[in-house]
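User: Please take a close look at how the helices pack in this model and at the aromatic side chains found there. I would like the geometry and the cut-offs behind each term.

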Amino acid sequence: MLGLKLLTDPRWANIAESNLEEILTDHAWCEQKAATNAITLITNNSEHMDLVEELTAIAIEEMQHFQMVIEIINKRGYTLGRERKDDYVGRLVKFSRRDGSRNNAFIDRLLFAAMIEARSCERFRVLSQNIKDPELAKFYHDLMVSEAGHYTTFLNFARKYTIDVDVDARWKEWLEFEGELIQSYGNKEAIHG
């Protein structure tokens, strides 16, 4: 369904589970950044009322996820660490097209968001199926379903609002780039790491 070119090695869940405080901190900040991204898309494209309404719901949901992760951190006696730089996301930003028309940048921002949601969904699946902690396994399964919905929302808006971008062709370029990029990741306690 997601079209990802390279799936995460299930052993990554063991790396994540070896330092739950770190993976949960990283995850919390990923949720906050996802909410911020949705708000930025709203701010820059407010003429599309359906997008405003849908992405407002996503931004709220992402902050609810942030709150849920914070509750798990607190319940386990962990500390929410400082926000981390996400090199994976930074590399995706560099791949984004910002030249050309406003519409081209808008469509690529939607595809950027879809890509992050797709990989997050896939990583949550790996955690839900391989982590030994039953509470976290269920938590990540529930989030996997949510992220899959977000992925399709962003992709569908890209298809709806394109003027001159062949969205399916550009999405294939995103998938190819991400497939190469992700080969450098999967070896540390980070959602995209």
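Analyst: What follows goes through the helix packing, one residue of a helix, and then the aromatic rings. The model is predicted, so local features need pLDDT of at least 70 and side-chain atom pairs count only at pLDDT 80 or more, while totals for chains, interfaces and linings use all residues. Residues are numbered from 1 along each chain as its sequence is written, and side-chain values use heavy atoms, with hydrogens and water left out.

Two packed helices are described by the angle between their axes and the distance between the axes. Here the axes are lines fitted to C-alpha atoms, for helices over the stretch in contact, and angles run from 0 to 180 degrees between N-to-C directions. Helices are DSSP runs (H or I, at least four residues) numbered from the N terminus.

Helix α4 (residues 87-95) packs against helix α5 (residues 102-130) at an angle of about 150 degrees, and their axes are 10 Å apart. α4 is therefore roughly antiparallel to α5, a term for angles over 145 degrees. The crossing of α4 past α5 is right-handed, meaning that the near helix is turned clockwise from the far one by less than a right angle, with anticlockwise counting as left-handed. On the α4 side the contact (heavy atoms within 4.5 Å) involves Tyr 88, Val 89, Leu 92, Val 93 and Phe 95. On the α5 side it involves Asp 108, Phe 112, Met 115, Ile 116 and Arg 119.

α5 also packs with α6, at an angle of about 160 degrees and with the axes 8 Å apart. These two helices are likewise roughly antiparallel, but α5 passes α6 in a left-handed crossing.

Ser 120 belongs to helix α5. Its relative accessibility is 6%, so Ser 120 counts as buried (under 20% relative accessible area, with a 1.4 Å probe and protein chains only). Neighbours within four places in sequence aside, Ser 120 contacts Glu 147, Ile 191 and His 192.

The structure holds 9 aromatic pairs, that is, rings of Phe, Tyr and Trp (its six-membered ring) with centres within 6.5 Å. For Tyr 151 and Trp 171 the ring centres are 6.0 Å apart and the planes are at 45 degrees, so the pair is tilted, neither stacked (under 30 degrees) nor edge-to-face (over 60). Tyr 151 lies in helix α6 (residues 134-161) and Trp 171 in helix α7 (residues 167-181), 20 residues apart. Both residues are buried. Elsewhere, ring pairs link Phe 95, Phe 112, Trp 174 and Phe 177 into a cluster; Phe 95 and Phe 112 also take part in the α4 and α5 contact.

Note on methods: Buried means under 20% relative accessible area, exposed over 50%, partly exposed in between (1.4 Å probe, protein chains only). Angles under 35 degrees count as roughly parallel, over 145 as roughly antiparallel, 65 to 115 as roughly perpendicular and the rest as oblique.
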